[in-house]
Amino acid sequence: MSKVRDEVLDQYNARIYKNRKEHILSVGEGNPDIITANTRTIPGIITQRGCCYAGCKGVVLGPIKDAVIITHGPIGCAFYTWGTRRSKAQADERDGEKADNYLEYCFSTDMQETDIVFGGEKKLKQSIVEAMHLFSPSALFICSTCPVGLIGDDVQAVARWAEEEYGITCIGFSCEGYKGVSQSAGHHIANNQVIKYIIGTGDKAPKGKYSVNILGEYNIGGDGWEVEKILKRCGIEVVSVFTGGSSFRDIKNSHLADLNLVQCNRSINYIADMMFEKYGIEWIKINFIGIESCKESLRYIGEYFDDENLKARIEEVIADELTDVLEEMIYLKSKLKGKTAALYVGGSRSHHYQKLLSDFGISTILAGYEFAHRDDYEGRAVLPDIKTDADSKNIESISVEKDEKYYKVRLTEEQRSRILEKGIPLKDYKGMMNDMDKGSIICDDLNHFETEEFLKILKPDIFFSGIKDKFVAQKSGFLSRQLHSYDYSGPYAGFRGAVIFGQDLLMGLSTPAWSYIRAPWKSIPCIEGSLGGEE
Ligand code: CFM
């Protein structure tokens, strides 16, 4: 048994120990390694998870720039409407069709007690009237928060009303925060409505010889722009991105692309699968985080299309991008090599970033996901073994049929076998544990207590996490970087992004200000008091 894992777990009482031991493992200890994931957090534990509404509104829908998204709920929930995730976007024009950018606005019905008591539908309609009057968008989404589900407002009926009244697309998302066990439920709900009501409603065919959609790329810190730039250089047309910097205008046409590239499988695999069923679009798993992964992903695309000109162009672009960064990468690696890292992120970055770290010779000794499912840890092959519990059954799982007009077989059987023989991850992904060293620790649904304990024992040089957990580590003297928002930096994707990432790490490691500071109460008593209640 792993000593480190037990040192942390042994501090729990028997009941919590029994639960948490299923969520933490030391790689290579099991035969095979099996983890419990996507189950309820123990009440009272300070988890880092978000809610279903955050996953739907904040993650999948939020970056769609030209849709007005109304948060139907109390104003506190509307915090998620407001630049909190650094998913960047710019208004633009494509083939004469404009896409506005509403990302900096906050749309909320600001429900009050009276609305909870007497119903909020009237107020929701009023908000739609106002939003249409001010902005007249072509798409309007309504996202429900907890009280909306509890009082039973019919947001779907209001959405139908708005469609008739204004002749726009209006979609209701019943993504009340309490659904499911984390934001992962919200991803699923968003995916369902996007395939039902948006994808397939446009008819602008791509012009390029090879066209793709990028799925699960949210343009945090400009990552998506970096990836798009590289693909365009290779001569690959990007029809739409789900959903970073993207638009309702473009997503409508996504069913006409040749191939789907999946970056974050956790948040978007539902759409990838449904687009295959409905339109015959194949998908491959790619990762544009890290130089080696970028090279590999670009080559996968070349191999998929199997065109010698395209493959040659891809090699040229790789060589050219490398020339720009090589010298800096060698220098950064010389400084960063041998360091160790711990990564705590949502549902895919803890894996993707290990590749980028290894470009610098940094090894990962601890990795955790907030809300991933077993397949994100163990690989897609485990899907048939995952038991659906009551919480997962709560989330609608829709099935789609072949689209009569647009379904097209993309690969012959020979092409499929050739692609698989080449080792291209066609409709497949490996889990995080396959890429981790034996003995390293994996922790699911990470919590505050375990984080502090693991850091004390493992002492990584760098701790990557989010804003909720970073400051405890930072003030204890660890270099702490946010992997959700990049602490105002980025992009980290692509070749140029890798250099920016390395520079940020080196800058942090060279200025270990917090490790020189001693908490005042360690030397001077700061609180004076006495126990009361007894004579
Ligand atoms: Fe996918 Fe994400 Fe992630 Fe995610 Fe997220 Fe994010 Fe994330 Mo924060 S979609 S699972 S719900 S890669 S917001 S862009 S960084 S937790 S690891």
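Helices here are DSSP runs of at least four residues, numbered from the N terminus. Keep that in mind as you click around, and remember that this is a predicted model.

**Stop one: the second largest pocket.** Start by selecting α11, residues 265–279. This helix gives the most to the lining of the second largest pocket, with five residues. Now add α8 (184–197), α15 (374–378) and α16 (390–393), which each supply at least two residues of that lining. To find the middle of the pocket, pick Asn38, His373, Ile386, Thr388 and Ser392: of the 35 lining residues, these lie nearest its centre. The space inside comes to about 890 Å³. Colour the lining by class and you get 12 nonpolar, 14 polar and nine charged residues.

**Stop two: the ligand.** Next, show the ligand and the 14 residues around it. Which of them come nearest? Select Arg85, Cys264, Gly346, Ser348 and His484 to see them. By class, the shell around the ligand splits into six nonpolar, six polar and two charged residues.

**Stop three: the nonpolar cores.** In soluble globular proteins, nonpolar side chains tend to be buried together. Here, the largest nonpolar core has 102 residues, and Leu61, Phe141, Leu231, Ile284 and Phe501 touch the most other members. Helix α13 (residues 308–336) gives the most to this core, with nine residues. Zoom in on Phe141 for a moment. Beyond its neighbours within four places in sequence, Phe141 is in contact with Leu61, Ile64, Ala67, Val68, Ile69, Ile70, Ile171, Phe173 and Ile198. Then switch to a separate, second core of 19 residues, with Ile24, Ala342, Leu455 and Ala473 among them.

**Stop four: the cavities.** How many cavities of 30 Å³ or more are there? The count is two. For the largest cavity, select Asn19, Arg20, His23, Thr39, Arg40, Thr41, Ile42, Ile45, Asp445 and Asn447, which line it. Its volume is about 50 Å³, and the lining has two nonpolar, five polar and three charged residues.

For the second largest cavity, with about 30 Å³ of space, pick His448, Thr451, Glu452, Leu455, Phe463, Asp469, Val472 and Ala473. The elements giving two or more residues to this lining are α18 (448–458) and α19 (467–475), and α18 has the largest share, four residues. By class, the lining of the second largest cavity has four nonpolar, two polar and two charged residues. You may recognise two names from the previous stop: Leu455 and Ala473 line this cavity and also belong to the second core.

Notes: Residues are numbered from 1 along each chain as its sequence is written. This is a predicted model: local features need pLDDT of at least 70, side-chain atom pairs count only at pLDDT 80 or more; totals for chains, interfaces and linings use all residues. Side-chain values use heavy atoms; hydrogens and water are left out. A residue is near a molecule or strand if one of its heavy atoms lies within 4 Å of it. Ala, Val, Leu, Ile, Met, Phe, Trp, Tyr, Cys and Pro count as nonpolar, Asp, Glu, Lys and Arg as charged, and the others, Gly among them, as polar. A nonpolar core is a set of buried Ala, Val, Leu, Ile, Met, Phe, Trp, Tyr and Cys residues joined through side-chain atoms within 4.5 Å. Buried means under 20% relative accessible area, exposed over 50%, partly exposed in between (1.4 Å probe, protein chains only). Contact means heavy atoms within 4.5 Å. On a 1 Å grid over the protein atoms alone, a cavity is a set of points where a 1.4 Å probe fits but cannot get out, and a pocket is an open set with protein on both sides within 12 Å along at least five of seven lines; lining residues have an atom within 4 Å of a point. Grid points are joined across faces, edges and corners, and a volume is the space filled by probe spheres set on the points.
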